[in-house]
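Biologist: I have this structure open beside me and would love a close look at a single part of it. Could you pick one strand, walk me through its surroundings, and tell me how its neighbours are arranged?

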Amino acid sequence: MEVGLVFVICQDRLTIDVLVARLPPSGLEEALCQTSVEAVFGMTEPGREVIRIRGLNKRFGSTHAVIDVDLDIKRGEVLALMGANGAGKSTLIKILCGVHPADSGTMEIDGEMVDFRSPLEACAAGIHTVHQIINDGVVQQLTVAENLALDEICRPEGPMLLSRAAITARARGIQAILGLDLPLGKAMSELGQAERQLVAIARALSHDPKVLILDEPTSSLSEAEAARLFVLIEDLRARGVAIVYISHRMSDIRRLADRAVVMRDGRVRAEFIRPLDFDGIVHAMVGHRVSEGARAAVAGGRTVVEIRDFAITPTSAPFDLDLHEGEVVVLTGLIGAGKTEFAECLFGTATPFAGSVMIDGKPLRAASPQQAIAEGVFMAHEDRGNSSLVAEFSVLHNMTLPFLRQFSKLSLVVPDQERRAATGQVSDLAIKCASIDVPIGSLSGGNQQKVVLGRWLIQPCRLLILDEPFQGVDIGARQDIGHRLRETAAGRATLVICADLEEATEIADRIIVMRDFSVVGGHSIDGLSLDALVAEISGAGTHATFA
Amino acid sequence: MSTPSSNPAPNPAAPAAAVQTGTAKPAFSFKDFVIKFGLLIILAVMVVVFWRLEPAFANARNMFSILQAVSVTALLALGVTVTLAIAGFDLSIGSTAAMSLMASSYVMVILNQGTLLAVIVCLLLGAFIGFLNGVLIVKGRIPDLLATLGMMFLLLGLQLIPTGGRSIAKGMTLSDGSAATGTFTDAFLALGRYRLFDLIPLPVIIMLVAAVILWVFMERSRYGRVLYAIGGNEKATRLAGAPVERYKIAAYMISGLFASIGGILLAARVGRGDVTSGSSLLLDSVAAALIGYAVLGAKKPNVFGTAVGALFVGTLLNGLTMLNAPYYAQDFVKGLVLVFALLFTFGFASSQRR
């Protein structure tokens, strides 16, 4: 191997690992000799199934992530795979592209049974994936041309020395097939998100995929950039590629999807074909089991948080919001609606464009989490593994991390006090652990989440924010968390971010809906109208239906 | 990671964790025992073997000269342990110590000042270098290895500038032709040479006191807890309200401070501002800190382990010297020990949980 390649490997090992091994048998070389589109994309009759999945199951420990899934993916069709976080989409996709083996069930590609042992086998079978984090698919330090020809560069039996001209020619060939016009000489890092995305897709397409899986391709794109991507996707559809499109953006689905499959709690819950019923999709996604008016709302007491003329971004509509002592308010909305961004403004990790926040009548001064905590604003973030827990630490040390000062004398931690506080939380929340000294990783997801909540209940606060506290949490733990939240709710305002309406109605006194970075509605749990709620979440009122 | 997939065996029972760790624990695992005590056992075996082969090895005076020999390395290693704890690294400790050595000599010999000032100047200098490292890493966003590598080179050159590249010794000729009037004070030299009860060298006492203080700081104080938390998950620690940037800068300042103490002791023992004295300090102390990962199965940078690691390397080198092993064998053996210690930490242990 030459120095250049080694350098590339240092920069982006993941990409190369995937690349080197997935070299197509006949591959690029042959594909590039063919200039006709049909030869590359092997036109067969559209509408025929490429993939037929029957009875697929996957468990992770006690979590049943995918349950009895049947799914057909057809040629020349854009299939929208939808569902809230933790619905099982990503597990299903990972089984499809060979990252995880299924526990049971069958998968056929063009009528042949397959059982992928690795992502490389899936690639060889014609299933290619462009992941949400596109930087996993491209090497930032190389030029566009080098990225497009990367598979060739990495070929073990390829030439020792590479000429710039040869690389450029190869890259041009790939471009021509796809009808793209990318700045070949530019470094990847100089490109916009959309162009990077296009390069990543072009790379995937140079392997003549039967199925192209796009995971949240527009999540970091502007409108114009997304439009450019849509044109390419529509073109691919016309060429007979089966496209699985994962997105939370309703507008994407409106524009592209021929069919939508909604997953929830590991199962395929509903399937929609054109014309798509968007309220139906949202219903299926966020809570078809929601019982209306199951519980009486607790009336809020004194106003704790007063938010006025609050604009999260320069383009979002300003809104007002009050949060009261003793009530649990759920902030709901689709992913990308700005829920987390709003919470981050309150916790000092983001700055709003405009507006004021008062806590107990005094302006909130929070430019950092440290200040926010000092002002009595506590927040348990989404994605506990990355944002809340220290994997090397025990349950005890994870729990007390923010409040060590309280358990310290002369800066030395007093073990008795610390342990008493943690043990108290463990019993109040019914955390299942052998002892408070076991590593946090030995606990189940639900119990880990309880530890995160317990951490923020050690000290009283004025506003407690929980961002998606039920992610990867089983029903039992979810109920424990909900009960404890309610038991402790007096004396503070509680704001829970939660996209799932079933979870929301379990704990909420009041549900407020966020869309496009602004609060668009609020409902008491008493006499809650689910239809009105869903309409607000999906924005159906403003967009009418799919044409 | 916290995903359910980290549980290797599909266990239908909900309190899986409680069952696994609570009752199903094997009574005795040879592998666990080796991972935990392997290094300490090897250290003990080593001492016995050296003692059988060369009885002079085991007399008290030799034992303390081993400790004296490792005290400077140990101090530097203790400092670097703090930066390792925040998942950083400080490559500049060796040249910080050398800088401190030259600075103390300069203050006394050329500026003709007293012991106290020399020591204070060195300590401030060490803390300041650490501060610079921290600022470069935290505010300048330079990766830790690169920032401290740059600082290392910078200091290697800087310490030679005031004397034009020459070592500092009593009565040396200055650039204006006159002879230096100052001298190493007796009090300063005592820092490196005095033996309590005519047996225990002062540097050993200083090192032990520093190690105990640092152990309390890292293991028992809330600051140490936060430093380890930063090393484990910086984002989570920031979101838990810790001023992470200040902690990181402080970690590098501690590292610089310990390195400068090491430099002072070295200067006091050598008794001259020798430009080459600090050359092997960096690698030896990093080796000691890394060997420390394997002590008692800590698998993380830890103060006790670092002290044992330094002792381990010192014992090995002293024993080899007494047995007349050639000088070039020493680095080889050091490397061998380090590789095996790291294998204990990472290789054998990786098949366990996580």
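Modeller: Happy to. Let me begin with two helices, since one of them leads straight to the strand I have in mind. In this predicted model, α13(A) and α22(A) are roughly perpendicular to each other, because the angle between them is about 105°. Their axes lie 9 Å apart. Helix α13 of chain A covers residues 278–286, and helix α22 of chain A covers residues 530–538. On the α13(A) side the contact is made by A:Phe278, A:Asp279, A:Val282, A:His283 and A:Val286, while α22(A) contributes A:Val534, A:Ala535, A:Ile537 and A:Ser538. Sorted by character, the residues of this contact are six nonpolar, two polar and one charged.

Now follow α22(A) to the sheet. This helix lies across β13, β21 and β22 of chain A, and its direction is at about 25° to that of β21(A). Strand β21 of chain A, residues 510–515, is the part I would zoom in on.

What is the setting of β21(A) like, then? Six of its six residues are buried. In a regular strand the side chains alternate between the two faces of the sheet. Here, A:Arg510, A:Ile512 and A:Met514 are on one side of β21(A), and A:Ile511, A:Val513 and A:Arg515 are on the other. Both faces are covered, with each of these residues buried. Do notice that A:Arg510 and A:Arg515 are on that buried list too.

Next, the partners. Strand β13 of chain A, residues 328–332, pairs with β21(A) in the parallel sense over four bridges; one place to check this is A:Thr332, whose bridge partner in β21(A) is A:Val513. Strand β22 of chain A, residues 518–524, pairs with β21(A) in the antiparallel sense, over six bridges. There, A:Ile512 stands opposite A:Gly522, and A:Val513 has A:Gly521 as its bridge partner. So A:Val513 is a handy residue to click on, because it has bridge partners in both β13(A) and β22(A). Between β21(A) and β22(A) the chain makes a hairpin with two residues in between. In that turn, A:Asp516 has a positive phi of about 50°.

Stepping back, these strands belong to an open sheet of six, in the order β16-β19-β20-β13-β21-β22 of chain A, with mixed pairing. β16 (377–380) and β22 of chain A have a single partner strand each, so they stand at the edges, and one side of each has no neighbour in the sheet. On average, neighbouring strands are turned by 20° against each other, direction ignored. Helix α14 of chain A, residues 339–347, also packs on this sheet. It touches β13, β16, β19 (463–467), β20 (493–497) and β21 of chain A, and its direction makes about 145° with that of β19(A). Our strand β21(A) is therefore touched by α14(A) and also has α22(A) lying across it, while β13(A) and β22(A) pair with it.

As for the wider chain, chain A has 23 helices and 22 strands, and buried residues make up 49% of its 547 residues. Among contacts between residues at least 6 apart in sequence, 71% join residues at least 24 apart.

Notes. Residues numbered from 1 in each chain as written. Chains lettered and ligands numbered in written order. Predicted model: local features only at pLDDT ≥ 70, side-chain atom pairs only at ≥ 80, totals over all residues. Buried ≥ 20, exposed ≤ 12 C-beta atoms within 10 Å, placed from the backbone. Contact = placed C-beta atoms within 7 Å. Axes fitted to C-alpha atoms, helices over the stretch in contact; angles between N-to-C directions. Parallel < 35°, antiparallel > 145°, perpendicular 65-115°, else oblique. Nonpolar A, V, L, I, M, F, W, Y, C, P; charged D, E, K, R; others polar. Pairing = 2+ DSSP bridges.
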